[in-house]
Amino acid sequence: MQTCTRRIQFCAGHRVHGHENKCAHIHGHNYVAYITAVSARDEATDDIGRVIDFSVLKDRVGGWIDKYWDHAMLYYQHDYEIAELYSKDGPLNHMKHHILLQNPTAENMADFILRLSNGSLLHDEPIAVTEVTLWETENCFATATV
């Protein structure tokens with residue numbers, strides 16, 4: 001089996017709602033995501049030997065991340081303290097933010113990117129994204145697989 005992996009970097013703020021230590025506070029990371037794809041064709045690669053052109057992963061997955069997550073505050077929909085700040089009448093409503101259906105842990109974020117990639121972002125490509133690894137710091141990362 002052949003795979004290809006694209007590295008995508010972005011910066012975002014978050015807090016882990018309900019965390020028992022310092023991650024309960026608003027903070028940010030320089031995230032690095034690794035998006036790994038395999039071919040869904042009968043052959044392992046296309047006519048010129050690729051699983052997929054790296055630029056497709058950059059444009060589609062990286063483009064989505066850039067539009068919605070890069071330099072944004074990511075927060076859990078039930079984190080009402082932060083939600084109030086970004087609400088229609090909140091003092092930060094003009095700032096870039098993204099509401100998540102799950103707590104913005106590295107595990108949940110990696111899983112979200114995996115599901116989104118295999119759903120609307122790459123549905124027309126003859127590949128499957130099998131793994132997303134999201135580095136939150138130089139020492140900590142989470143991986144979601146199918």
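**Exercise 1.** Which residues of strand 6 (residues 141–145) lie on its covered face, and which on the uncovered one? Work with the predicted model shown above.

*Solution.* Start with a general rule: in a regular strand, side chains alternate between the two faces of the sheet. Now walk along strand 6: Ala-142 and Ala-144 form the covered face, while Phe-141, Thr-143 and Thr-145 form the uncovered one.

**Exercise 2.** Find the pairing of strand 5 (residues 127–135) with strand 6, and say in which sense the two strands run.

*Solution.* Begin with the direction: the pairing is antiparallel and is made over 5 bridges. Next, look at the link, where 5 residues lie between the two strands of this hairpin. Finally, pick one position across the pair: Leu-134 stands opposite Ala-142 of strand 6. Ala-142 also belongs to the covered face of strand 6.

**Exercise 3.** Decide whether His-98 is buried or exposed, and list its contacts.

*Solution.* First locate His-98, which sits in strand 4 (residues 97–100). Its relative accessible area is 15%, and the cut-off for buried is under 20%, so His-98 counts as buried. Then turn to its contacts: leaving out residues up to four places away in sequence, His-98 touches Trp-64, Tyr-68, Trp-69, Met-73, Leu-74 and Tyr-75.

**Exercise 4.** Describe the chain as a whole, beginning with its secondary structure.

*Solution.* Count the elements to get 3 helices and 6 strands. Read in sequence order, they give β-β-α-β-α-β-α-β-β. Then add burial: 41% of the 146 residues are buried. Last come the charges, with 12 positive and 20 negative side chains, the centres of the two sets being 5 Å apart.

Note on methods: Residues are numbered from 1 along each chain as its sequence is written. This is a predicted model: local features need pLDDT of at least 70, side-chain atom pairs count only at pLDDT 80 or more; totals for chains, interfaces and linings use all residues. Side-chain values use heavy atoms; hydrogens and water are left out. Buried means under 20% relative accessible area, exposed over 50%, partly exposed in between (1.4 Å probe, protein chains only). Helices (H or I, at least four residues) and strands (E, at least two) are DSSP runs, numbered from the N terminus. Two strands pair if DSSP finds at least two bridges between them. Contact means heavy atoms within 4.5 Å. Lys and Arg count as positive and Asp and Glu as negative; His and the chain ends are not counted. The place of a charge is taken as NZ of Lys, CZ of Arg, CG of Asp or CD of Glu.
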